Amino acid sequence: MAMLAARAKVTSFVLPAILLGFLLVRRASIVGANGTTQVDAAAMPAAAGAESVSPMAFAAHIVSFDVSYMRWLWWPVILYLFWGMAYVCDVYFVRTIDVISERFQIPDDVAGATLMALGCNGPEMALNTISIFHPSNIGVGAVIGGEVFNVLVIIGTAILATPEEYLPLKLGRFTFFRDVIFYVASVGILFWVLHDGNVSRFNAAVLLGGALCYTTCVVFSSKILAFLSQPRWRRLVRSTTRRLTRPATRKISLALSEISGIDDDDSDSDAPIEADPAMVAQWVNSRESTEPTEGSVLAVRVDVRNRMMDRSRHMEERYVWLRGDALLVSTAVDPTEDAPQLKRSETGKTLAKNSSAWHYGGLVNQPGILGPDLEVSVSAKFSDDVESSPLAQAFSATPIAQLSHPLIKDMPKKRNTHPLGQQKPAALELAGFRDAPWEVIPLEDVLYCEPSVDEKQFALHVHQHDSDLGSLITLQFGAREQAVSDAWMSAIHKSLKEQRRRDVDAPQAQSCVALLMEWAEWLQFPVRFFLKLTIPDMDNPKLQHLYPVSFTMSMFWLAVFAYSVVAACDGIHEDFGISVNVLGFTVAAAGTSFPNVFSGMVVAKKGKTSMAIANALGANVQNVFLALAVPWTIQTWVIRGGPFPLVVSDLLPAVLECMITLIPVVLVYVLCSASMPRWSGGLFLLTYVVYLVFALGQQITNCVRWPLPCA
């Protein structure tokens, strides 16, 4: 088996090499008028005794083929390159930035808005950096087109992937309009910079100033929100809203609210409301609990290895309970007065139907309701107390086929075999813990547990249970006392060993998706091999002191892939006649952002759709203020020492499209009382399809006013 695996990995180098070879031949071939390979007959030997010729020339003399078909190989090659950029950024670059933030103790707010934003926009920044040495508009096109893609596709797919009990999705007004205002401002500034065809030092400085303003606003959002929450400002906002909202618009808003079942709670405040004193006392005591089987309050942060979804670095306190076969995590919010006042979009809080209690989404899997038999299942028969709670009614009102958690019905017998399986923590006697949804992380999905550099923290590496596409997810746990962290690590190690000893069942048959993923891994192996060979693994605490090497090599590989993408776009432009601007607005934009679609859907399925939407809008702002500003600053201040020409044709229509495609998102949010129902996700995707039709129509007709007639 080991020999077969090694042989498969070696042969995985063959296909990329063949594709690259064909494309090189394509570019170097002498193509005649009919598109076939031409060979000089005089160069062929006249007799068998003549001097030998090259094998390629001899083969071309015997077989003639149409090399024009080879141009279609550009598409799989560029898709492969886009995946390579995303893989470098998600697995290495972002993790390296995370280690740098921890090493230099940069506050989470600042790191999330600056360094993590830099990692989030790594592919776009790499494309624009390569444009310094290989002039091309692909980088600018990827940024402008990525604005539209992130707003419509990422937000649309995230809403469609959200479980029914969390819809319509409630979003805080402050965070939403903050990002929308900065988004509109960033696009307007970008048009101002590019409209004259030159980029100067002052232009680059203005873009960097915009990044500084946005970062400052994000860091001090809580204080700004507290200031705007004063009575006089709230009255001003309400009166202005009434004045701007016409009666007809109000009627539409009320009608949509009734159809979608929306209430008027749109605040973004995170302050606890009338917390139960018993729950507060239990929460405080659980912070020092060294008995995992009784439950402890631990801080946790999730790393899904995606540059967009990992922008937020906040650690949130959660009540965690170790059972014999699984880790149970409560979604209850910290009820104490010293809880960090964070906005819901930053922490992924959500609100179920018919419920007034906000709670967290899942870390790895979708949460469910804890029944009297200590089994978590939305289809279970609850006790009278649980069944009567609004949250339980919201979950039970949803079709079982949509909500039944696969991991609950996979192992019903195994859970009852362990002596710890039915122990009940004292916290479950309180309604605040009992009625909140609980997330189950089976120990069979935990790959391993390891300590962190900080002695009070440890990490769990988990595979998402109900997804063949789920990648490795890291849960970073932290305790206030080292004794609590040590007790949890010891208990988890013991439970993992026991679970491995008991789990002797034969592996389940692989699904079609899993088999396809094996083919994908076979194709990915060459890139994984060279990256693993040259970039230190920042997940290994023993190698984290090599973060300068990891950062440098990550940037090197991003540059290699970015240069290859630009070269591939040039090849597509020459062979298909598609303009570079259209390639940037569509192909490059979708290619650099498409991996974020799947990660956004994974986050949304766990109930954290609000965080996915906030990250998508925030990434759009930093796309302009960082992905363009940093390379242009280097070029104007260091390399050229002054302005440089950058002409982007059809700039005004592209900017207008960015603004117009934002309108459906804002209208749905305003008319639906600061929320987004499920049908809005389909509307956003349909809008993107219309955008693509217009972009292709303008390209085919060579008319920027299409479908209007051109002069």
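**Close-up views of a predicted model**

**Figure 1. Alanine 562 is buried, with a relative accessible area of 0%.** The model shown here and in the other views is predicted. Alanine 562 sits in helix α24, which covers residues 547-576. Leaving out residues up to four places away in sequence, its contacts are Met85, Ala126, Leu127 and Ile130. To follow a long-range pairing, look for glycine 84: its C-alpha lies 9.5 Å from that of alanine 562, although 478 residues separate the two in sequence. Alanine 562 also belongs to one of the spans that an unreviewed UniProt entry lists as "transmembrane region", residues 546-566. That span is 95% helix and 0% strand, and its end C-alpha atoms are 30 Å apart.

**Figure 2. Helices α9 and α10 pack against each other at an angle of about 175 degrees.** Helix α9 takes in residues 173-194 and helix α10 residues 201-219, with 10 Å between their axes. An angle over 145 degrees counts as roughly antiparallel, and α9 and α10 are therefore a roughly antiparallel pair. On the α9 side, the residues to pick out are Arg178, Asp179, Phe182, Ile189, Trp192 and Val193. Facing them from α10 are Phe202, Asn203, Val206, Leu207, Cys213, Tyr214, Cys217 and Val218. Sorted by class, this contact comprises 11 nonpolar residues, 1 polar residue and 2 charged residues. The unreviewed UniProt entry gives 176-194 and 206-228 among its "transmembrane region" spans. Residues 176-194 are 100% helix and 0% strand, and the C-alpha atoms at the two ends of this span are 27 Å apart.

**Figure 3. Helix α8 has a kink centred on phenylalanine 149.** The kink comes to about 35 degrees, in a helix that runs over residues 138-161. How many of the residues in α8 are buried? The count is 23 of 24, and the helix is mostly covered.

**Figure 4. Cysteine 449 is a buried residue in strand β9.** The strand covers residues 446-451, and cysteine 449 has a relative accessible area of 10%. Which residues does cysteine 449 touch, once its neighbours within four places in sequence are set aside? They are Phe458, Ala459, Leu460, Met489, Ile492 and His493. Of these contacts, methionine 489 is worth a second glance: 40 residues away in sequence, its C-alpha is 7.3 Å from that of cysteine 449.

**Figure 5. Serine 673 and alanine 674 each have a positive phi.** Phi is near 55 degrees at serine 673 and near 60 degrees at alanine 674; neither residue is a glycine. Serine 673 lies in the loop that joins α27 (651-671) to β13 (675-676), and alanine 674 is found in that loop too. Are these residues buried or exposed? Serine 673 is buried, at a relative accessible area of 12%, and alanine 674 is also buried, at 2%.

**Figure 6. The whole chain has 28 helices and 13 strands.** Here we step back from the close-ups to place them in context. Of the 711 residues in the protein chain, 52% are buried. Among contacts in the chain with a separation of 6 or more, 78% join residues 24 or more positions apart. The pairing of alanine 562 with glycine 84, at 478 residues apart in sequence, gives a view of two such distant stretches brought to 9.5 Å, C-alpha to C-alpha.

How values were computed
Residues are numbered from 1 along each chain as its sequence is written. This is a predicted model: local features need pLDDT of at least 70, side-chain atom pairs count only at pLDDT 80 or more; totals for chains, interfaces and linings use all residues. Side-chain values use heavy atoms; hydrogens and water are left out. Axes are lines fitted to C-alpha atoms, for helices over the stretch in contact, and angles run from 0 to 180 degrees between N-to-C directions. Helices (H or I, at least four residues) and strands (E, at least two) are DSSP runs, numbered from the N terminus. Angles under 35 degrees count as roughly parallel, over 145 as roughly antiparallel, 65 to 115 as roughly perpendicular and the rest as oblique. Contact means heavy atoms within 4.5 Å. Ala, Val, Leu, Ile, Met, Phe, Trp, Tyr, Cys and Pro count as nonpolar, Asp, Glu, Lys and Arg as charged, and the others, Gly among them, as polar. UniProt positions are given in the numbering used here, feature names are shortened, and annotations may be inferred rather than shown by experiment. The bend at a residue is the angle between axes fitted to the seven residues ending there and the seven starting there. Buried means under 20% relative accessible area, exposed over 50%, partly exposed in between (1.4 Å probe, protein chains only).
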